[in-house]
Amino acid sequence: MRKLHLRQLFADDPKRGERYTAEAAGLYLDYSKNRIIDETLRLLLTLAGDCNLHMRIEAMFNGEKINVSERRSALHVALRTPKGESIVVNGVDVVPQVHTVLERMAAFSEQIRNGKWRGHTGKRIRNIVNIGLGGSDLGPMMAYEALRYYSQRDLNFRFVSNVDATDFEEAIRDLDPAETLFIISSKSFTTQETLANAQAARDWCLDKLDDKQSLSRHFVAVSSNSSKAVKFGIDAGNIFDFWDWAGGRYSMTSAIGLSTMIAIGPENFRAMLAGFHAMDQHFRTAPLGQNLPVLMGLLAIWYNNFFDAHTQALLPYDQYLRYFPVYLQQLSMESNGKQITLDGMRAGWQTAPIWWGERGTNGQHSFYQLIHQGTRLIPCDFIGFCQSLNPLGHRQDLLMANLLAQAEALAFGKTAEEIRAEGTPEWLVPHRVLEGNRPSNTLLAERLTPGTLGSLVALYEHSVFTQGVIWNVDSFDQWGVELGKTLTQAIFPQLEVAREPELKHDSSTNTLIRRYRRLRRQ
């Protein structure tokens, strides 16, 4: 396939753009602009079969402990399973538990939205600040921004994750604590960065409200460690359960999505869950050759492992999806950024590529030059919508014209002959040639609704899982983040200026610590 050009493939098959498509859960996938033929697909699907993809999919949906290194299930699909269905984990049907929490979330959300939940001084809650890290921050933040059109506009939402004090200070600078609710999102309630920000929030509230009883009206927690949350000072009735079989980066449909539900309301949140579930069912039941997550996962394998493409670009043409590339960075790279297989052996192949991207049309004037004429092959996913949520003249037509034009230009480019025919001087011709043959997928939906967002996120979740199955890695652990946390615990007290610690790090770290301490004292 390295020697074949997309120009030739489309010339040889005039209906290629109609044949290489698939559709499910409100999403239409055009994958015709990929460097594949029918035989390529047959071989990739055979590879999926040889890796027992079907069996691994069923194992996940059946609650088996596919998170091998942590000996846990990976059952985020249970978080959006409708009432009446059953998924058993360790002998317990978890679906009723999920809906019990969802009903509590809905009742609480309605109280905030209709003003019945009042702050300690009797003022209405107008500001909701979500404090979390990783999936406990990126999921809610991305979902809020993506669905801001559907949000209740007299409520103000902020998201704090960075341990850098600036993040917290800028988030609360113009807020009144008497009108502010903090959602502390931490599965273990031991995450250092989250607890540091939670403590800052607690101190800020107590400084202004001057009453410990006020915390029960201004703090709620989302956690699987209720005792830690209560010890922190959060009322036991204000704690929403979270389970260890739902990983952080797969948790936005759990109670971690409380801020999302408050913003868009329980009905829209349920519509989002329905979109997730529709894609879940498609992934579980559709034949592999017509299965959107499987097709996208296998195409990612094709470029990463056979064309040595090191990165993947995600290009949503919708302002509301501006945080979607950031969200998918964690989903993909924390899930599959592994070098050890499920057998405990070092992988003999490349695993997760580097994900990056930007909303259109902004990216066209920053990095598209590299994609078009650079020396690297960068597969792209374009995401677009046929109807704008904010129609203004012909702006949506112009936006989508840009998307379609970029995908066409990447695929077919512009030859030297075409450029010469325009009267371009010969010395300039090489600079203007676009070789094309740059692959892309295009995902189209009618409009960005809560259900569409659910389908879109689930599509990428299952695509990432498909890739993990092929690479034979555990897509649900993240041991790589642990060492840095452990070393932080050792270095943190050594930075205090009031004592002279004995330093036993490497010479670089020791020197940096001493320099920091000296400048900190000044």
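These legends describe a predicted model, first as a whole chain and then in close-up views.

**View 1. The whole chain holds 21 helices and 13 strands.**
The C-alpha trace spans about 75 × 60 × 55 Å along its principal axes. For 522 residues, a compact globule would have a radius of gyration near 24 Å, and the value for this chain, 25 Å, agrees with that. Of the 522 residues, 52% count as buried. Now take the contacts with a separation of 6 or more: residues 24 or more positions apart account for 72% of them. The chain exposes about 23500 Å². Carbon and sulfur atoms supply 51% of that area.

**View 2. An open sheet is built from 5 strands.**
Read across the sheet, the strand order is 6-5-7-8-9. The pairing is parallel. Strand 6 (156-160) and strand 9 (239-241) are the edge strands, and each pairs on one side only. Neighbouring strands are turned by 20° against each other on average, direction ignored.

**View 3. Strand 5 pairs with strand 7 inside this sheet.**
Strand 5 covers residues 127-131, and strand 7 covers residues 180-185. Their parallel pairing runs over 5 bridges. To find the match, look at Ile128: Leu181 of strand 7 stands opposite.

**View 4. Helix 5 and helix 6 pack on the sheet.**
Helix 5 (residues 95-113) touches strand 5, strand 7, strand 8 (219-223) and strand 9. The direction of helix 5 makes about 145° with that of strand 9. Helix 6 (residues 135-146) touches strand 5, strand 6 and strand 7. The direction of helix 6 makes about 150° with that of strand 6.

**View 5. Strand 12 (residues 380-385) is largely enclosed by the rest of the structure.**
How many of its 6 residues are buried? The count is 6 of the 6. In a regular strand, side chains alternate between the two faces of the sheet. On one side of strand 12 lie Cys380, Phe382 and Gly384. On the other lie Asp381, Ile383 and Phe385. Both faces are covered.

**View 6. Strand 12 pairs with strand 10 and with strand 13.**
Strand 10 (residues 311-316) runs parallel to strand 12, and 4 bridges join them. Here Pro316 stands opposite Ile383. Strand 13 (residues 440-445) also runs parallel to strand 12, joined by 6 bridges. In this pairing, the bridge partner of Phe385 is Ala445.

**View 7. Helix 12 (residues 266-285) packs against helix 19 (residues 450-471).**
The two helices pack at an angle of about 35°. Their axes are 7 Å apart. Is the crossing left-handed or right-handed? The crossing of helix 12 and helix 19 is right-handed. Residues of helix 12 at the contact include Ala271, Met272, Gly275, Phe276 and Phe283. Helix 19 meets them with residues including Gly451, Leu453, Gly454, Val457 and Phe465.

**View 8. Gln281 sits in helix 12.**
Gln281 has 28% relative accessibility, so it counts as partly exposed. Which residues does Gln281 contact, leaving aside its neighbours within four places in sequence? They are Phe61 and Ala286. Compare Gln281 with Ile262: the two are 19 residues apart in sequence. In space they are 27 Å apart, C-alpha to C-alpha.

Methods: Residues numbered from 1 in each chain as written. Predicted model: local features only at pLDDT ≥ 70, side-chain atom pairs only at ≥ 80, totals over all residues. Heavy atoms only, no water. Pairing = 2+ DSSP bridges. Helix = DSSP H or I, 4+ residues; strand = E, 2+ residues; numbered from the N terminus. Axes fitted to C-alpha atoms, helices over the stretch in contact; angles between N-to-C directions. Contact = heavy atoms within 4.5 Å. Rg over C-alpha atoms; globule rule 2.2 N^0.38 Å. Buried < 20%, exposed > 50% of the residue type's maximum accessible area, 1.4 Å probe, protein only. Areas by Shrake-Rupley, 256 points an atom, 1.4 Å probe, with all protein chains shown as cover. Left-handed = near helix turned anticlockwise from the far one by under 90°.
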